[in-house]
Amino acid sequence: MEREHFLIGTLGLDQHENGAVAVRRMLEEAQMRVTYVGRFNTPDSIAEEAAQAGVDVIGISCHSWEYLDMVPELLEKLKERGDDRPVVIGGSVITASDAERMKALGVSAVFNGAPSDDQIIDTLRDLVRSKRTETA
Amino acid sequence: MTNGKDMNNAHPTTRSGIELQPYYMDADENAERPGEFPFTRGRRATAAAGLIHRELSGEGPAKKSNEQFKYLIEHGSTGLDVIGDAGSAAGLDPDHPLARVSCGTQGVSVCRRQDMTDLLRDIPLDKVSISCSLNPLTTVAATALAAEELNFPLEKLRGSLIHAPLYVESCCYAVHFPVEFRTRVALDSIEFCTKYMPKYHSYIEDTYFFSESGNDPVEEMALGFLQIRFLTRRLLERGLDIDSFAPRIAILVNCGMDFFEEIAKIRATRRIYSKMMRDEFGAKDPRSLAVVVTSHTSGLSLTAQQPANNIIRGSMQAMALALAGVQAMEISTFDEAFRTPSPEAHMVGLRTQQILSLEALPGKVTDPLGGSYFVESLTDEMENRIVARVKEFEDMGDPEELERKGVFADVFQQAMAKQQRDVSKGRQPVVGVNCHAVPEEQDTLLRDVAERKIEPYLSHVEEIIAWKKTRSMDRVNDALKRFADAVEGDANIIEAVRDALRADVTFGELKGTARQALGLDYDYYGRVEPPMKAVA
């Protein structure tokens, strides 16, 4: 099987990068492929780069409340493009009730609280597997 | 009732009545005393009676933040630390398409001269020192204009501004300017203050924010000293006298959970600074040798899990800072892991500092840990390692060149990855995260504050849009043209900013125009057109 491929980055003016960097390293160490876009992305630029790179999943690291507006905007942009790539988000700023709200809007998985590396990797693997099966 | 100000030194004895000396020392008369070179034991011989208590503040428009300031001062804050929201930090006006959704949520929204006036109105600026985490291009000029409008003499103005031209793009507070321009802004800003604002700390070396990437205390201070040395050399090259600016440099350090190492770090920092200023840079004024150390407890050490534990972390870190003899402190609030500080968390942070100063009294005796075999040994070792690491960086080449090559970006990225790996692999115990965790449904204490959010101040965005339309665009464009010329020339950029702000040019317009004059796109994000073009 081709290696799982993820886009990892943050949205808008959120300058906290620790989480994104850490997840990137974690996935790379698990032999997954990462297209790392770092900070200062817009919903448009993320949607475009995800399509260009042909990633399996888009991962957004969230450390300020901007995500509450920008993640739904990203979902909208993807929909407009007819792109059904899964979006996952993570970060300590995401509260339990917001996690539910984001899932209801179409986010495929939310990593808040303190998930272990294995939990994150397993969830992402499952997501890629079911997505690829669905597409195949 | 009292605000406690007059109670700080009300206990010259212990509770049992034992009389206390201002400091204690070895029987050897030649042993180092506090207040003497190389200042390992403290800037002054007497205890830090006037320790400045601050809490991070700033929310919504300037007027709203000004109310918050007054509230904190009424409750015993003796200093303020104002942080800009995401747009203000990046130099974008609140009507920028990417800045709207965070307008005022993580700090104050400031984008024009009158915002700074509203922010500082009725604050006793000669007594309450305002530490600014705001955009370096515009802050000093806007502060000077605000003081002018508020009829406050510039020469009495206290406060401080962070400069980190070598590192801002790599970890936090990116402003999207090339490193040479960031350096020029820092140097011009320091020179401007030396000329007009002699009591203002024109240059805070903020090692806090880049240590929050996960760098250890040796790396934190090595990066800090590297930048201090770089900027000092460049100021000397401009012909400034070392004693004209060195007394107004202060260092804002982080304080993590390694209690004794943090204390040793601060003692070593004072020693390294004084030796460097005297022996390498030839400073003679005693104030140039005894550096002011201010501090902030570590947000990175706080957890979203079991947030009440963060109150304990904050108080332990604050105790370390008090024992190390810092001049000012602030405590990261217990909710920092998941939100901009709530009013409740602000108050706990402030009360922690007050309990420390008024009840536990660690500051009654200067450098109470001086002479401890452990602390002295650790201080020496920290000094050696920090100095060696600075030399390693300097041997690699010119710091601006290192920045362009991405050396610092790499240092920060490595630190971020290592920090998370150490926690996730359990190498660094964090209670509530990788040990002594509880199921989410049981983790309820103080959780409710996480669900209460600050909504973006969209009405302020509308106000700015409307206000922009009331300006004379001819005047704005003239001012921007003059400013662009100043960026292309070598005039003091802060004086040019001040002139432009008088014509109601906004901070975002200044940033964009500076970018254009430097040959870059007006808007880094390609979303906003320059006002000059809009008029044409």
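The radius of gyration is taken over C-alpha atoms, and the globule rule sets it at 2.2 Å times the number of residues to the power 0.38. The legends below describe a predicted model.

**Figure 1. Chain B has the radius of gyration of a compact globule.** Chain B holds 536 residues, for which a compact globule would have a radius of gyration near 24 Å. The value for chain B is 23 Å, which agrees. Along the principal axes, its C-alpha atoms fill a box of roughly 75 × 60 × 50 Å. Chain B contains 21 helices and 11 strands.

**Figure 2. Nine strands build the open sheet of chain B.** The order of the 9 strands is E1-E11-E10-E9-E8-E7-E6-E4-E2. Their pairing is parallel. Strand E1 (52-54) and strand E2 (56-57) of chain B stand at the edges. Each has a single partner strand, so one side of each is left without a neighbour in the sheet. Strands of a sheet pair through backbone hydrogen bonds.

**Figure 3. Strands E6 and E7 of chain B pair in parallel.** Strand E6 covers residues 129-133 of chain B, and strand E7 covers residues 160-162. The two are joined over 2 bridges. In one of the pairings, Ser131(B) has Ser160(B) of E7(B) as its bridge partner.

**Figure 4. Helix H11 of chain B lies across three strands.** Helix H11 spans residues 308-324 of chain B. The strands beneath are E9 (249-255), E10 (292-297) and E11 (328-330) of chain B. The helix runs at about 170° to E10(B).

**Figure 5. The largest cavity is lined by 18 residues.** The model has 8 cavities of 30 Å³ or more. The largest has a volume of about 250 Å³. Of its lining residues, the closest to the centre are Leu134(B), Pro136(B), Ile162(B), Val168(B) and Val175(B). The lining divides into 14 nonpolar residues, 3 polar and 1 charged. Helix H5 (residues 179-196) of chain B gives the most to this lining, with 3 residues.

**Figure 6. Two backbone details stand out in chain B.** Most residues other than glycine have a negative phi, and most peptide bonds are trans. The peptide bond from Phe37(B) to Pro38(B) is cis, with omega near 0°. Pro38(B) sits in the segment before E1 of chain B. His176(B) is not a glycine, although its phi is positive, about 60°. This histidine, His176(B), lies in the loop between E7 and H5 of chain B.

**Figure 7. Chain A alternates strands and helices.** There are 5 helices and 5 strands in chain A. From the N terminus on, they run β-α-β-α-β-α-β-α-β-α. Chain A has 136 residues and a radius of gyration of 13 Å, close to the 14 Å of the globule rule, so it is as compact as a globular protein of that length. Its C-alpha trace spans about 35 × 35 × 25 Å along the principal axes.

**Figure 8. An open parallel sheet of 5 strands runs through chain A.** The strand order is E2-E1-E3-E4-E5. Strand E2 (33-41) and strand E5 (109-111) of chain A are the edge strands, and each pairs on one side only. From one strand to the next, the twist averages 20°. Strand E1 (residues 5-11) of chain A is joined to E2(A) by 6 bridges. In E2(A), Gly38(A) is the bridge partner of Gly9(A). Helix H3 (residues 67-80) of chain A packs on the sheet, touching E1, strand E3 (57-61) and strand E4 (87-90) of chain A. The direction of helix H3 makes about 170° with that of E4(A).

How values were computed:
Residues are numbered from 1 along each chain as its sequence is written. Chains are lettered from A and ligands numbered from 1 in the order in which they are written. This is a predicted model: local features need pLDDT of at least 70, side-chain atom pairs count only at pLDDT 80 or more; totals for chains, interfaces and linings use all residues. Side-chain values use heavy atoms; hydrogens and water are left out. On a 1 Å grid over the protein atoms alone, a cavity is a set of points where a 1.4 Å probe fits but cannot get out, and a pocket is an open set with protein on both sides within 12 Å along at least five of seven lines; lining residues have an atom within 4 Å of a point. Grid points are joined across faces, edges and corners, and a volume is the space filled by probe spheres set on the points. Helices (H or I, at least four residues) and strands (E, at least two) are DSSP runs, numbered from the N terminus. Ala, Val, Leu, Ile, Met, Phe, Trp, Tyr, Cys and Pro count as nonpolar, Asp, Glu, Lys and Arg as charged, and the others, Gly among them, as polar. Two strands pair if DSSP finds at least two bridges between them. Axes are lines fitted to C-alpha atoms, for helices over the stretch in contact, and angles run from 0 to 180 degrees between N-to-C directions. Contact means heavy atoms within 4.5 Å.
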